[in-house]
Every structure is written in structure tokens, then in C-alpha cells.
Amino acid sequence: MAEPAHPHLAEVVPSALTALGVPGFDGTLGFPAISRGCVLLIDGLGRELLDAHAADAPVLAELAKGTLRVGYPSTTAAGLAAIGTGVASGEHGMTGYTFELPGVGVLNALRWNSHEDGADLRGAAPPRDVQPLPTTFERAAAAGIHTSVVSAAKFKHSALTEAVQRGARYDGVHALGDLGAGILRALEPSPSFCYGYHSELDLLGHLHGPGSPAWRFQLRQVDRLVESIVDGLLPGSMLAVVADHGMVVVRDKLDLEDEPELLDGVRAFGGEVRARHVYTEQGAAADVLAAWRSALGERAWVRSREEAVEEGWFGPVSSRVLPRIGDVVAAARGEFGMVRGLAEAVETSLVGQHGSLTTAEQLVPLAIALG
């Protein structure tokens, strides 16, 4: 597991806003005073991956003097919510790629639809109800900071954007070129704060594997993007480059649909291949926990909901969020994955996966450049 001594991803934006003079945040990372700040999140760029492929990203490798942990689960919905709220998953409530909402069903947090049948859940689960905390963007804008999100145009009106990025002006972009240009344009006013997001490194890691030739080619383009932004920073500006998780290649797959002992007493699954929420039938939690521990052995950390909360997997957990955590939670070790070949055919087919507690998934770089 990742060492808790590393700062949490959720500390980055509050520290940047403190550096901009916004009251009410703790600047735990000690950033210098600035008049313009940007946090650029590169989806899927783990610390261990950057270190292993530093020759493909010399600018990032040189700037990445710090290391963060992303918390559990190490997945995009949780990471984006940590950026957007300044707290960990036990408070912001994005407790997985998929998770159960009482009375609604299992929500896919990226698509905001039912994980069981694909039905749109915006009506049954309004984004502002699922994540009601004020966002860091709302708080920055209220303090008079020119606040922007620079991200893919296709995400502009998504429910996840409304849940965790509301309050910012959204600049929808289409490629690396307008992502870089959009970030520099967003940093022209003073004071200003922007958040930028790049997703394709993660996509290629899923499809081809982290460290594959395709992934490395994309990393080189990301490094050129960062270099170009750094070259264009105005005086008094700061760029912080982070990630939401790392990634591993899964070679040891267990199909849960083929294991009757792992289905007995289970009414629903959440999470993903490396990080499972197991929701049990009434009174079956203890038996399910015992069965999963016996079957998975050393291939996963298996805990009851109460044990995972007590051990701090999700950080402080609010009563609103507690029911979203599985009665049993399982976090994969090594190259292990818990797939569902029929119910989750696309997810099962992916080469690269993430979500768990290993250092490969938990640790991400913190790269800082000043104008």
C-alpha cells in the first residue's frame, strides 16, 4: 500500500488557491504566493510510470520533485472529485467508477447511468444531490478569482462535470493544441485559476497497456504540451501537473461470474476490476466476507465496510457516503483483477487497469513550474 505520509491529491487545489490569496483553505503544500495558477491533470500518469519512462518525458521528469497519493479508490471519478472539492472520497462521495446509491441502484459515475441497464440517472440522482459540497471552483469564483476549466468539449455538459466542476467557466477543447492554448488563455487575467485535463494517456494505457509503444508515444506528446505551457507562463504564474492514478497490466483475471462461492449472498457489484464493492443480501455480509477472503487469499486485500473505514481507505467518511461503500470491499494486489466477463465485457477486455491500493496505482507525480 502507498505510504500515508505522502500528501493527498485533494490538497493540491486548496494549496493553489491559498497561494492565490483565497481565504478558507489550508495551503498544506506550501506553494509560493502567485497571481495565476493552473492545475493540469494527466489521467493515468503514475509516479512509477513516469520514473520508468523519464527519457520519454524529460521536462515532466525534471519538474516532478514531489509525489502525491490519490487515495482509495485510485480511479478517475474519485480523482476528479478530489480536485473539485478538496476532500477525499469518504466526503465527496465518488467512491468508485461505479457505486450503489440507496434507492437508485449502481451508478456509473463517469457516464451517470445505471451500471445494470444503462438507463440515464440524472433524474433519479441529480449531480448536485450526489455531490452537494461546494466545489473549489465555486469558492474560487466567489472570492473574485477568474476561474476556468479547460477540458474536452464532450465533457462540458456531463453530469460528473456538474457534480465536481460547477462554478467555473468551461472552455471545451478538442486536442492537445487547444488544450495548451486554452490554459495559457485562461491564465491571462489576474488573479486567475484554471484546471486542465488530458485523458488520452489513460485511454491508451487501458487499450495497449501502460509502458506500451503507443502509451510512450502519447507520453512524449504530453511532455511537449507541458513544455509549451511552461514556456508561455506569465510572471507570477504557477503550473502544477498531477494525475488521478497510475496503472498496472492485469495478467491474472478471476471471472466472478464463474465462481458460485463468490456470488452467494451478493445482490450487486460496484467498483471495477481492481477495486470491488460487494453489496450483500440482508444478513449475509459476514458469510460473503469469509468466502471472499478464502477464495482470494493473498491476491487481494479484502475488508468489511467497517474495517475499510476504520483503516482509512476512504479518508473520513460522512454518513451520507457510508452506504455507497460495499458491505465487503476487495482491492487487488499484484497483477490480479476481478472481472465480470458478461456484465462488464468492455472493462474485462482492457489491458491496463487501476483502482487499488498498490503504489503503482496510488502514487502520482507533483510537477511544479513557475513563471
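This passage describes selected strands, helices, loops and the largest pocket of a predicted model.

Strand β18, which spans residues 363-370, has 6 of its 8 residues buried, so this strand is largely enclosed by the rest of the structure. Two strands are joined to β18 by bridges. Strand β2 (residues 66-69) runs antiparallel to β18 and is connected to it by 4 bridges, with Gly66 finding its bridge partner in Leu366 of β18. Strand β9 (residues 237-242) is likewise antiparallel to β18, and 4 bridges join the two; here the bridge partner of Ala240 is Ile368.

Beyond β2, the chain enters the loop that leads to α4, and Pro73 is placed in this loop. The peptide bond between Tyr72 and Pro73 is cis, with an omega of about -5 degrees. A second cis peptide bond is found from Ser190 to Pro191, where omega is near 5 degrees, and Pro191 belongs to the loop between α9 (176-186) and β8 (192-198). As a general background to these cases, most residues other than glycine have a negative phi, and most peptide bonds are trans. Trp112 bears on the other half of that statement, since this residue is not a glycine and yet has a positive phi of about 55 degrees. Trp112 is situated in the loop between β4 (105-108) and β5 (113-114), and because its relative accessibility is 2%, below the 20% limit, it counts as buried.

Helix α4 is largely enclosed by the rest of the structure, because 10 of its 10 residues are buried. Among the buried residues of α4 are Thr76, Leu80, Ile83 and Thr85. The helix is followed by Gly86, which has a positive phi near 80 degrees. Ala10, located in the segment before α1 (12-19), is brought together with this part of the chain: its C-alpha atom is separated by 5.6 Å from that of Ile83, although the two residues are 73 residues apart along the chain. When residues up to four places away in sequence are not counted, Ala10 touches Ala82, Gly86, Val87 and Ala88. With a relative accessibility of 5%, Ala10 counts as buried.

Helix α4 (76-85) also takes part in the lining of the largest pocket, as it supplies at least two residues, and so do α8 (159-165), α10 (200-208) and α15 (345-349). The largest share of this lining, amounting to 5 residues, is contributed by α10. The space in the largest pocket comes to about 820 Å³, and 30 residues line it, of which Tyr97, Leu110, Arg111, Asp202 and His206 lie nearest its centre. By residue class, the lining of the largest pocket consists of 13 nonpolar, 10 polar and 7 charged residues.

Glu100, in strand β3 (residues 98-101), is a charged residue that counts as buried, with a relative accessibility of 13%. The side chain of Glu100 makes a polar contact of 2.6 Å with the side chain of Arg267. Not counting residues up to four places away in sequence, the residues touched by Glu100 are Gly105, Val106, Arg267, Ala268, Tyr279, Pro323 and Arg324. Arg267 is thus found both in the polar contact and in the list of residues that Glu100 touches.

Definitions and conventions:
Residues are numbered from 1 along each chain as its sequence is written. This is a predicted model: local features need pLDDT of at least 70, side-chain atom pairs count only at pLDDT 80 or more; totals for chains, interfaces and linings use all residues. Side-chain values use heavy atoms; hydrogens and water are left out. Buried means under 20% relative accessible area, exposed over 50%, partly exposed in between (1.4 Å probe, protein chains only). A polar contact is a pair of N or O atoms within 3.5 Å; within protein, one must be able to donate a hydrogen and the other to accept it, and residues adjacent in sequence count only if both atoms are side-chain atoms. Contact means heavy atoms within 4.5 Å. Two strands pair if DSSP finds at least two bridges between them. On a 1 Å grid over the protein atoms alone, a cavity is a set of points where a 1.4 Å probe fits but cannot get out, and a pocket is an open set with protein on both sides within 12 Å along at least five of seven lines; lining residues have an atom within 4 Å of a point. Grid points are joined across faces, edges and corners, and a volume is the space filled by probe spheres set on the points.
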